[in-house]
Amino acid sequence: NLDQTVGVSTSSSMGYVALRVNSNEVGVSSSSPNYLAKFQVNSLDRFTILNDGTTAIGTTTASARFSIQNAYGSSTPLFDIASTTSAGFATSSVFRVNANGYVGIGSTTPTATLVVQGTSTAPTLPVFAVASSTGEQLFNVLANGNVGVGTTAPAYKLTVDSSATSI
């Protein structure tokens, strides 16, 4: 009967199906409580899929379709994408969002809202570029610190290449 609650190794189940070992829970539900699946470790919510399909990590109250929540200032990043070796071990973070909201591209320790850190030691390769919808590079910052507007090869700290008569 779908209206019955089933629990395995638990004194009170979480929904239609619940498994509890000590304080670790895995649950599958329908309408009450308000989640389809919930995973807990030591009574802390780790991963929840709410009835509306919203997914939450670190909370049961998602503020968007996909929410990740962590304590502000925590040393654990909210989100991290890393490259790996052929053996599958993470070697370097390529995109990270820290708990304080700072975003690092090529940096694991961003010190501002957005930090883009190039990995090239070649001074003439771009670290950051802005391109048009056709792929034409409009703005470039090279590894040597030179900035180019309208050029991909700035020769000075600021190089502006424009067909306009005034800048």
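# A guided tour of the strands and their contacts

The structure holds two aromatic pairs. The model in the viewer is predicted, and the two pairs serve as landmarks for the tour.

**Stop 1: the pair of Phe79 and Phe95**

Select Phe79 and Phe95 and display their side chains. The two rings form an edge-to-face aromatic pair, with 6.1 Å from centre to centre and 75° between the planes. Phe79 belongs to strand β8 (residues 79-84) and Phe95 to strand β9, so the pair ties together parts that lie 16 residues apart in sequence. Are these two rings buried or exposed? Phe79 has a relative accessible area of 34% and is partly exposed. Phe95, at 28% relative accessibility, likewise counts as partly exposed.

**Stop 2: the pair of Phe128 and Phe139**

Move next to Phe128 and Phe139. Their ring centres are 6.4 Å apart and their planes stand at 80°, so this pair is edge-to-face. Phe128 sits in strand β12 and Phe139 in strand β13, and the pair links distant parts of the chain, eleven residues apart. Phe128 is partly exposed, its relative accessible area being 33%. Phe139 counts as partly exposed at 30% relative accessibility.

**Stop 3: strands β12, β13 and β14**

Keep Phe139 selected and add the backbone of residues 126-131 and 137-142. These are strands β12 and β13, which run antiparallel and are joined by five bridges. Which residue of β13 is the bridge partner of Val130? The partner is Phe139, the residue whose ring pairs with that of Phe128.

Follow the chain through the turn of this hairpin. Five residues lie between β12 and β13, and Gly135 takes a positive phi near 95°.

Now extend the selection to residues 147-149, which make up strand β14. β13 and β14 run antiparallel as well, with three bridges between them. Here Val141 has Val147 of β14 as its bridge partner. β13 and β14 also form a hairpin, with four residues between the strands, and Gly145 in the turn has a positive phi of about 95°.

**Stop 4: Val149**

Stay in strand β14 and select Val149. Its relative accessible area is 31%, and Val149 is therefore partly exposed. Display the residues around Val149. Setting aside neighbours within four places in sequence, Val149 is in contact with Leu138, Phe139, Leu158, Thr159, Val160 and Asp161. Phe139 thus appears again, here as a contact of Val149. For a distance to display, choose the C-alpha atoms of Val149 and Val160: they are 4.8 Å apart in space, while the residues are eleven apart in sequence.

**Stop 5: back to strands β8 and β9**

Return to the region of Phe79 and select Arg96 and Asp80. How many salt bridges does a search of the whole structure find? The search finds one. The side chains of Arg96 and Asp80 meet in a salt bridge, at 3.3 Å from N to O. Arg96 lies in strand β9 and Asp80 in strand β8, so that the pair links distant parts of the chain, 16 residues apart. Side chains of opposite charge can pair when their charged atoms come close. Arg96 counts as buried at 16% relative accessibility, whereas Asp80, at 35%, counts as partly exposed. The cut-off explains this assignment: buried means under 20% relative accessible area.

With the surface switched on, select Phe79, Ile81 and Val94. These residues form a nonpolar patch on the surface and together have about 230 Å² of accessible area. Val94 is found in strand β9, which spans residues 90-97, and at 39% relative accessibility Val94 counts as partly exposed.

**Stop 6: Thr48**

Select Thr48, which lies in strand β5 (residues 44-50). Is Thr48 buried or exposed? With a relative accessible area of 0%, Thr48 is buried. Residues up to four places away in sequence aside, Thr48 touches Tyr35, Ala37, Lys38, Thr54, Thr55, Ala56, Thr59 and Thr60.

**Stop 7: the whole protein**

Finally, clear the selection and view the entire chain. The protein has 15 strands and zero helices. Of its 167 residues, 21% count as buried. The protein exposes about 10800 Å², of which carbon and sulfur atoms supply 56%. Among contacts between residues at least 6 apart in sequence, 3% join residues at least 24 apart.

Note on methods: Residues numbered from 1 in each chain as written. Predicted model: local features only at pLDDT ≥ 70, side-chain atom pairs only at ≥ 80, totals over all residues. Heavy atoms only, no water. Patch = residues over 30% accessible without salt bridge, like charges linked within 9 Å, V, L, I, M, F, W, Y side chains within 5 Å. Areas by Shrake-Rupley, 256 points an atom, 1.4 Å probe, with all protein chains shown as cover. Salt bridge = Lys/Arg side-chain N within 4 Å of Asp/Glu carboxyl O. Helix = DSSP H or I, 4+ residues; strand = E, 2+ residues; numbered from the N terminus. Buried < 20%, exposed > 50% of the residue type's maximum accessible area, 1.4 Å probe, protein only. Contact = heavy atoms within 4.5 Å. Pairing = 2+ DSSP bridges. Phe/Tyr/Trp six-rings, centres within 6.5 Å; stacked < 30°, edge-to-face > 60°.
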